[in-house]
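Ready for a few exercises with worked solutions? Load the structure, try each task yourself, and then compare your steps with ours.

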Amino acid sequence: MSEDNSPIGSEFLVCGLGTLGQSCVSMLKSFGAIVYGIDCAEIRYWEVPDLPHKLDGYWQGDCRQVQILEQANVHRCRAILLVTRDERTNLAAAFAARTLNPTLRIIVRSRQDNLNQLLSRHLGNFAAFEPERLTAIALSAAATGDEV
(Lines give C-alpha, C1' and ligand atoms only; values in the text may rest on other atoms or scores of the structure.)
Protein backbone atom coordinates (compact mmCIF):
# COMPACT_ATOMS: atom_id res chain seq x y z
CA MET A 1 0.00 0.00 0.00
CA SER A 2 1.13 3.55 -0.63
CA GLU A 3 1.24 6.38 1.89
CA ASP A 4 -2.44 7.22 1.32
CA ASN A 5 -3.58 3.56 1.73
CA SER A 6 -4.29 3.08 -1.97
CA PRO A 7 -2.89 0.06 -3.79
CA ILE A 8 0.55 0.67 -5.29
CA GLY A 9 0.24 1.04 -9.03
CA SER A 10 -3.19 2.63 -8.95
CA GLU A 11 -1.92 6.13 -9.75
CA PHE A 12 -2.27 7.70 -13.19
CA LEU A 13 -1.26 11.01 -14.71
CA VAL A 14 -3.32 12.65 -17.46
CA CYS A 15 -1.64 15.46 -19.39
CA GLY A 16 -4.02 17.61 -21.40
CA LEU A 17 -7.37 18.21 -19.75
CA GLY A 18 -9.46 19.06 -22.79
CA THR A 19 -12.50 16.98 -23.69
CA LEU A 20 -10.55 13.75 -24.16
CA GLY A 21 -8.38 14.23 -21.07
CA GLN A 22 -11.35 15.03 -18.85
CA SER A 23 -13.17 11.94 -20.12
CA CYS A 24 -10.10 9.80 -19.40
CA VAL A 25 -9.89 11.18 -15.85
CA SER A 26 -13.55 10.41 -15.32
CA MET A 27 -13.14 6.84 -16.59
CA LEU A 28 -10.04 6.17 -14.51
CA LYS A 29 -11.79 7.52 -11.41
CA SER A 30 -14.70 5.16 -12.10
CA PHE A 31 -12.14 2.30 -11.95
CA GLY A 32 -11.14 3.56 -8.48
CA ALA A 33 -7.78 4.96 -9.55
CA ILE A 34 -5.83 7.86 -8.12
CA VAL A 35 -5.59 10.41 -10.94
CA TYR A 36 -3.43 13.49 -11.27
CA GLY A 37 -3.77 16.05 -14.04
CA ILE A 38 -1.59 18.58 -15.83
CA ASP A 39 -2.69 21.22 -18.30
CA CYS A 40 -0.74 24.11 -19.76
CA ALA A 41 -3.59 26.58 -19.30
CA GLU A 42 -6.14 27.34 -16.63
CA ILE A 43 -9.25 25.24 -17.25
CA ARG A 44 -12.17 27.62 -17.50
CA TYR A 45 -14.78 25.12 -18.56
CA TRP A 46 -14.95 21.66 -17.06
CA GLU A 47 -17.04 19.43 -19.30
CA VAL A 48 -17.30 16.69 -16.69
CA PRO A 49 -19.23 17.94 -13.64
CA ASP A 50 -17.24 18.07 -10.40
CA LEU A 51 -14.07 16.85 -12.14
CA PRO A 52 -11.76 19.36 -10.41
CA HIS A 53 -12.81 17.82 -7.08
CA LYS A 54 -12.27 14.28 -8.36
CA LEU A 55 -8.65 14.90 -9.36
CA ASP A 56 -6.21 13.84 -6.67
CA GLY A 57 -3.84 16.58 -7.79
CA TYR A 58 -3.77 19.23 -10.51
CA TRP A 59 -0.87 21.26 -11.86
CA GLN A 60 -0.88 24.04 -14.39
CA GLY A 61 2.27 23.87 -16.47
CA ASP A 62 4.10 22.29 -19.37
CA CYS A 63 4.04 18.48 -19.19
CA ARG A 64 7.33 18.37 -21.13
CA GLN A 65 9.14 19.87 -18.15
CA VAL A 66 10.74 17.39 -15.78
CA GLN A 67 9.98 19.49 -12.70
CA ILE A 68 6.24 19.59 -13.50
CA LEU A 69 6.20 15.81 -14.03
CA GLU A 70 8.05 15.32 -10.75
CA GLN A 71 5.56 17.54 -8.90
CA ALA A 72 2.74 15.49 -10.42
CA ASN A 73 4.18 12.27 -8.95
CA VAL A 74 5.06 10.62 -12.28
CA HIS A 75 7.61 8.48 -10.43
CA ARG A 76 4.73 6.82 -8.53
CA CYS A 77 2.40 6.43 -11.49
CA ARG A 78 1.54 3.24 -13.27
CA ALA A 79 0.74 5.09 -16.50
CA ILE A 80 0.71 8.49 -18.12
CA LEU A 81 -1.85 9.51 -20.72
CA LEU A 82 -0.48 12.25 -22.97
CA VAL A 83 -3.60 13.58 -24.66
CA THR A 84 -2.83 17.22 -25.40
CA ARG A 85 -3.87 18.50 -28.84
CA ASP A 86 -0.20 18.95 -29.82
CA GLU A 87 1.53 15.75 -30.93
CA ARG A 88 5.01 17.24 -30.48
CA THR A 89 4.19 18.10 -26.89
CA ASN A 90 2.89 14.58 -26.28
CA LEU A 91 6.01 12.95 -27.74
CA ALA A 92 8.44 15.25 -25.90
CA ALA A 93 6.58 14.60 -22.65
CA ALA A 94 6.82 10.85 -23.29
CA PHE A 95 10.62 11.07 -23.34
CA ALA A 96 10.70 13.26 -20.24
CA ALA A 97 8.37 10.89 -18.37
CA ARG A 98 10.42 7.84 -19.38
CA THR A 99 13.56 9.38 -17.85
CA LEU A 100 11.75 9.77 -14.53
CA ASN A 101 9.97 6.41 -14.47
CA PRO A 102 11.46 3.56 -16.51
CA THR A 103 8.49 1.21 -15.88
CA LEU A 104 5.76 3.74 -16.66
CA ARG A 105 3.13 2.77 -19.25
CA ILE A 106 2.97 5.61 -21.78
CA ILE A 107 -0.23 6.22 -23.74
CA VAL A 108 0.03 8.97 -26.37
CA ARG A 109 -2.48 10.75 -28.56
CA SER A 110 -0.78 10.69 -31.97
CA ARG A 111 -1.54 10.12 -35.64
CA GLN A 112 2.06 9.39 -36.72
CA ASP A 113 1.93 5.61 -37.31
CA ASN A 114 5.54 5.15 -38.48
CA LEU A 115 6.94 7.34 -35.72
CA ASN A 116 4.74 5.63 -33.13
CA GLN A 117 6.09 2.21 -34.12
CA LEU A 118 9.65 3.48 -33.78
CA LEU A 119 8.90 5.06 -30.41
CA SER A 120 7.25 1.88 -29.19
CA ARG A 121 10.47 -0.04 -29.88
CA HIS A 122 12.65 2.70 -28.35
CA LEU A 123 10.61 3.63 -25.27
CA GLY A 124 8.99 0.30 -24.45
CA ASN A 125 5.63 -0.03 -22.67
CA PHE A 126 4.30 2.57 -25.10
CA ALA A 127 1.07 2.79 -27.06
CA ALA A 128 -0.19 5.53 -29.37
CA PHE A 129 -3.76 6.03 -30.53
CA GLU A 130 -5.68 8.38 -32.75
CA PRO A 131 -8.44 9.80 -30.57
CA GLU A 132 -10.90 9.82 -33.46
CA ARG A 133 -10.64 6.02 -33.61
CA LEU A 134 -10.96 5.38 -29.90
CA THR A 135 -13.04 6.56 -27.00
CA ALA A 136 -11.84 7.73 -23.61
CA ILE A 137 -12.92 4.34 -22.26
CA ALA A 138 -10.50 2.57 -24.60
CA LEU A 139 -7.64 4.96 -23.80
CA SER A 140 -8.24 4.57 -20.08
CA ALA A 141 -8.36 0.80 -20.37
CA ALA A 142 -5.09 0.86 -22.33
CA ALA A 143 -3.51 2.79 -19.49
CA THR A 144 -4.48 0.15 -16.93
CA GLY A 145 -2.89 -2.60 -19.01
CA ASP A 146 -4.62 -5.95 -19.00
CA GLU A 147 -6.06 -5.80 -15.48
CA VAL A 148 -9.45 -4.32 -16.41
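**Exercise 1. Find what caps the N-terminal end of α4, and describe the surroundings of Thr 89.**

Step 1. Start at the cap: Asp 86 caps the N-terminal end of α4, with a side-chain oxygen 3.2 Å from the backbone nitrogen of Arg 88. Before going on, note that this is a predicted model, in which local features need pLDDT of at least 70 and side-chain atom pairs count only at pLDDT 80 or more, while totals for chains, interfaces and linings use all residues. Residues are numbered from 1 along each chain as its sequence is written, and side-chain values use heavy atoms, with hydrogens and water left out.

Step 2. Move to Thr 89, which lies in helix α4. Helices here are DSSP runs of H or I with at least four residues, strands are runs of E with at least two, and both are numbered from the N terminus.

Step 3. The side chain of Thr 89 makes a polar contact with the side chain of Asp 86, at 2.8 Å. (A polar contact is a pair of N or O atoms within 3.5 Å; within protein, one must be able to donate a hydrogen and the other to accept it, and residues adjacent in sequence count only if both atoms are side-chain atoms.)

Step 4. Leaving aside neighbours within four places in sequence, Thr 89 is in contact (heavy atoms within 4.5 Å) with Cys 63, Arg 64 and Thr 84.

Step 5. Thr 89 has a relative accessible area of 10%, so it counts as buried. (Buried means under 20% relative accessible area, exposed over 50%, and partly exposed in between, with a 1.4 Å probe and protein chains only.)

**Exercise 2. Check the length of α4 and state how α4 runs relative to β5.**

Step 1. At 1.5 Å a residue, the 14 residues of α4 should span 20 Å. The expected span is 1.5 Å times one less than the number of residues.

Step 2. The end C-alpha atoms of α4 are 20 Å apart, which agrees.

Step 3. α4 lies across β4 and β5, at about 170° to β5. (Axes are lines fitted to C-alpha atoms, for helices over the stretch in contact, and angles run from 0 to 180 degrees between N-to-C directions.)

**Exercise 3. Give the strand order of the sheet and identify the strands at its edges.**

Step 1. Read the elements from the N terminus: they run β-α-β-α-β-α-β-α-β-α-β-α, with 6 helices and 6 strands in the protein chain.

Step 2. The 6 strands form an open sheet in the order β3-β2-β1-β4-β5-β6, with parallel pairing. (Two strands pair if DSSP finds at least two bridges between them.)

Step 3. β3 (57-60) and β6 (126-129) stand at the edges; each has a single partner strand, so one side of each is left without a neighbour in the sheet. From one strand to the next, the twist averages 15°.

Step 4. Look at two pairs. β4 and β5 are joined over 4 bridges, with Arg 105 in β5 as the bridge partner of Ala 79. β1 and β2 pair over 5 bridges, and Phe 12 stands opposite Val 35 in β2.

**Exercise 4. Which residues of β2 are buried on each face?**

Step 1. Recall that side chains in a regular strand alternate between the two faces of the sheet.

Step 2. On one side of β2, Ile 34, Tyr 36 and Ile 38 are buried, and on the other Val 35, Gly 37 and Asp 39 are buried. That makes 6 of its 6 residues.

**Exercise 5. Which element gives the most residues to the largest nonpolar core?**

Step 1. Define the set: a nonpolar core joins buried Ala, Val, Leu, Ile, Met, Phe, Trp, Tyr and Cys residues through side-chain atoms within 4.5 Å.

Step 2. The largest has 24 residues, and Leu 13, Ile 38 and Ile 106 are among those with the most contacts inside it.

Step 3. Elements giving two or more residues to this core include β1 (11-15), β2 (34-39) and α4 (87-100). α4 gives the most, with 5 residues.

Step 4. Apart from this core lies another, of 18 residues, Val 48 and Ala 79 among them.
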